[in-house]
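Trainee: I am new to this structure and would like a close look at one part of it, the sheet and its surroundings. Please take me through it slowly, in one connected answer.

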Amino acid sequence: MNRFLSLFSLLFIFLSSCINDDEPEVTSLAPGDSCPEFTIEMNDGKILSSSDLKGRESVIVFFNTGCGDCRRELPEIQKAYDEIQKENLDIPIICISREEDKESVERFWEANSLTLPYSAQIDRRVYNLFASSIIPRIYILSPQQIITRCWSDNPLPTAEEIINSLRHDSNE
């Protein structure tokens, strides 16, 4: 019995390592990388391109409302957005869905009293310019469109951490 258990354990380890070898490596833009060029339609119908963000700090958030971490993080993003609006700062926060239509995003926004601007993307075209996997993803861009901070699902930043990062980056 002991021998059978040892053989089974070895077989399990072998098979597990084979499965992991086939998983693609997760890639993501990181601090110091330039923001890629993109153009999106926002929920108010306006067209926004990455070049519109030049000259000011900005925040880009990738999400899907079916993602538990995204559902927990979006209220924090809303708090950061509210603070930026309250302080009358010219720092856009752009939320971009990953593989989610406008109706789904709109329902979630309404159900959760979110006022953040968003762009519903039914595919991964824009997302794939930034990363290959894992949401939410939050990027802070410098006025020169260089990524200064980024977060993914672990750990997720609080509104205070996002605001402090923006304040810290603008003082550098």
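Mentor: What follows starts with the whole chain, then turns to the sheet, its edge, its hairpin and the core.

This is a predicted model, in which local features need pLDDT of at least 70 and side-chain atom pairs count only at pLDDT 80 or more, whereas totals for chains, interfaces and linings use all residues. Residues are numbered from 1 along each chain as its sequence is written, and side-chain values use heavy atoms, with hydrogens and water left out.

The protein chain has five helices and seven strands, where helices (H or I, at least four residues) and strands (E, at least two) are DSSP runs numbered from the N terminus. Along the sequence these elements follow the pattern α-β-β-β-α-β-α-β-α-β-β-α. Of the 172 residues in the chain, 41% count as buried; buried stands for under 20% relative accessible area, exposed for over 50%, and partly exposed for what lies in between, with a 1.4 Å probe and protein chains only. If a contact is taken as heavy atoms within 4.5 Å, then among contacts between residues at least 6 apart in sequence, 66% join residues at least 24 apart.

The sheet itself is open and has five strands in the order β5-β4-β3-β6-β7, with mixed pairing; two strands pair if DSSP finds at least two bridges between them. Its edge strands are β5 and β7, each of which pairs on one side only. Helix α2 packs on this sheet and touches β3, β4 and β6, and its direction makes about 155 degrees with that of β4. For that angle, axes are lines fitted to C-alpha atoms, for helices over the stretch in contact, and angles run from 0 to 180 degrees between N-to-C directions.

One edge strand, β5, covers residues 118–119 and includes Ser 119. Is Ser 119 buried or exposed? Ser 119 is buried, because its relative accessible area is 0%. Beyond residues up to four places away in sequence, Ser 119 touches Ile 40, Glu 41, Met 42, Cys 95, Ile 96 and Ser 97. With Glu 41 there is also a reach from side chain to backbone, as the side chain of Ser 119 comes to the backbone oxygen of Glu 41 at 2.8 Å.

At the other edge, β6 and β7 pair in the antiparallel sense over four bridges. Among the partners, Ile 138 is bridged to Trp 151 in β7, and Ile 140 is bridged to Arg 149 in β7. The hairpin of these two strands has five residues between them, and there Gln 145 takes a positive phi near 65 degrees, although Gln 145 is not a glycine. Gln 145 counts as buried, because its relative accessibility is 4%. Another residue with a positive phi is Ser 113, at about 55 degrees and likewise not a glycine; Ser 113 lies in the loop between α3 and β5 and is exposed, with a relative accessible area of 59%. As background, most residues other than glycine have a negative phi, and most peptide bonds are trans.

Two cis peptide bonds can be found in the loops beside these strands. One joins Ile 135 and Pro 136, with omega about 0 degrees, and Pro 136 is placed in the loop between α4 and β6. Another runs from Asn 154 to Pro 155, with omega near 0 degrees, and Pro 155 sits in the loop between β7 and α5.

The last part of the picture is the largest nonpolar core, which has 45 residues, and those with the most contacts inside it are Ile 60, Phe 62, Ile 93, Cys 95, Trp 109 and Phe 130. Such a core is a set of buried Ala, Val, Leu, Ile, Met, Phe, Trp, Tyr and Cys residues joined through side-chain atoms within 4.5 Å. Its largest share, six residues, comes from α2. Leaving aside neighbours within four places in sequence, Ile 93 is in contact with Val 59, Val 61, Ile 77, Ala 80, Tyr 81, Ile 84, Leu 116 and Pro 117. Cys 95 is buried at 0% relative accessible area, whereas Cys 150 is partly exposed at 29%. The whole structure contains zero disulfides, a disulfide being a pair of cysteine sulfur atoms within 2.5 Å.

Conventions
A polar contact is a pair of N or O atoms within 3.5 Å; within protein, one must be able to donate a hydrogen and the other to accept it, and residues adjacent in sequence count only if both atoms are side-chain atoms.
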